[in-house]
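Dear colleague,

I am passing on the structure below, together with some notes on what turned up when I went through it. Please read them alongside the coordinates.

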Amino acid sequence: MRSLRVLVAGVSVGLAFILFSPLAVKAQCSFVDFSSVSGLSLVGSAHQSGNVLRLTDGYGQGGAAWCTSKTFVGNGFSVNFQFRITGYMGGDGFTFAIQNSSPTALGFNGGDLGFSDIPNGIAVEFDTYFNGDQCDVSQDEVGFLKSGSGNGGTDHCTNGIGSPVDLSSLGTPITLYDGNLHTATVTYFPGSLTLVLDGQTVLSQAVTLDNYVALDHGRAWLGFTGATGAAWETADIVSWSVEANQPAYNLGFMDDYGRSALCLDTHYGNFQWTVYKGNGTGNSYQGPADLTTGSGYQRAVASPGSGMGMYLIYYTTAHRAAATFTFRPDAVSSALYDQDTTNDETSCGGQE
Ligand SMILES: [Ca+2]
């Protein structure tokens with residue numbers, strides 16, 4: 001009889017496989033160009049201009065563009081974007097940022113790059129104005145920043161993650177504001193954050209995102225901020241793609257009658273429910289779940305408003321589980337009863 005299987009079960013090899021080989025999927029925030037800005041929250045000076053996302057184009061501006069849907073970033077992601085800075089009149093630059101403050105967040109302008117004062121975030125800056133009082137190293141630099149409060153919060157001495165890099169000092173120098181198209185790839189693998197710019201690895205730091213951003217079931221808003229002051233420039237994002245790793249489901253339940261299976265990611269709180277019998281057979285549903293661990297039990301409840309309803313209780317000492325599911329758009333509902341933990345070979349996401 002198929003029953004419960006604890007995938008981790010103290011088997012570190014199995015856990016490592018799950019964590020290091022999650023499926024990368026194209027996230028919702030992917031734009032071949034910005035002929036449509038549907039799905040973006042545009043704030044301040046940020047606007048669509050032809051086929052590009054224009055962050056700034058005058059003096060004294062601040063703008064931001066956030067994907068309105070949060071992206072699951074906790075298990076790693078890769079972001080690729082092209083940008084072009086034209087009409088360089090001295091500054092200030094832009095950032096790619098990850099934050100859990102607001103989909104309309106915008107910080108101070110000028111040297112604060114529209115990022116400073118956005119709480120609960122982390123940014124990759126592309127800085128085109130030398131602020132000596134913020135520990136800038138160049139008017140042509142990149143760096144990692146954590147959230148800083150108030151004016152001047154983009155100070156690398158207080159809020160830098162590692163040191164900024166002067167791009168003009170590279171063996172093959174890169175000039176951010178030369179009017180050319182540049183390609184940036186930001187890759188987060190839990191424990192490290194890397195920026196590759198025009199094929200050169202220019203930044204790489206030990207970073208665990210959870211230490212800087214309070215993730216929402218592993219999720220956060222992704223986007224860009226840009227700013228100018230007395231000095232200004234036109235800063236355009238030309239394309240943007242996001243690939244994110246899936247939750248690592250590490251606890252699985254299979255119904256005794258083979259009707260459906262439930263997998264839980266117990267780190268961030270996510271579930272995947274797959275229907276094997278009855279209405280909705282073959283469908284799989286994912287979403288955030290709120291987890292509670294009590295004495296002798298674990299409970300998972302689907303977050304309200306997700307379009308899904310799920311209630312699971314797993315008795316950890318008795319090794320029994322019961323769950324009910326509904327999915328309103330598909331009018332699918334099911335129950336799961338799992339009475340025996342000992343003989344199950346089902347993996348999360350599929351039957352053996
Ligand atoms: Ca600066």
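D117 lies in the loop between β9 and β10, and although this residue is not a glycine, its phi is positive, at about 85°. D117 counts as partly exposed because 19 other C-beta atoms lie within 10 Å, where 20 or more would be needed for a residue to be called buried. Please bear in mind here, as throughout, that this is a predicted model.

The loop between β9 and β10 (121-127) also holds L113, another residue other than glycine with a positive phi, in this case near 60°. L113, however, is classed as buried, because it has 33 C-beta neighbours inside 10 Å.

A further backbone feature is the cis peptide bond that joins G91 and D92, for which omega is about 5°; D92 itself is found in the loop between β8 (77-89) and β9 (93-99).

Turning to the chain as a whole, the model has 25 strands and 2 helices, and buried residues make up 48% of the 352 residues. Of the contacts with a separation of 6 or more, 61% are accounted for by residues 24 or more positions apart.

As for the interior, the largest nonpolar core comprises 62 residues, and those with the most contacts inside it are A64, V73, V142, L195, L222 and F224. Taking V142 as an example, and leaving aside its neighbours within four places in sequence, this residue is in contact with V124, E125, F126, P164, V165, L167, L195, L197, V202 and L203. There is also a second, separate core of 27 residues, which includes L251, F253, L264 and V275.

Finally, a word on confidence: the mean pLDDT of the chain is 88, and 88% of its residues reach 70 or more. Over residues 1-21, by contrast, the pLDDT is below 50, although this stretch does have 42 contacts in the model beyond near neighbours in sequence. Where pLDDT is low, the predicted coordinates should not be read in detail, and I would ask you to treat the contacts of residues 1-21, where the pLDDT is below 50, with that caution in mind.

With best wishes

Technical notes:
Residues numbered from 1 in each chain as written. Predicted model: local features only at pLDDT ≥ 70, side-chain atom pairs only at ≥ 80, totals over all residues. Helix = DSSP H or I, 4+ residues; strand = E, 2+ residues; numbered from the N terminus. Buried ≥ 20, exposed ≤ 12 C-beta atoms within 10 Å, placed from the backbone. Contact = placed C-beta atoms within 7 Å. pLDDT = per-residue confidence, 0-100. Core = buried A, V, L, I, M, F, W, Y, C linked by C-beta atoms within 7 Å.
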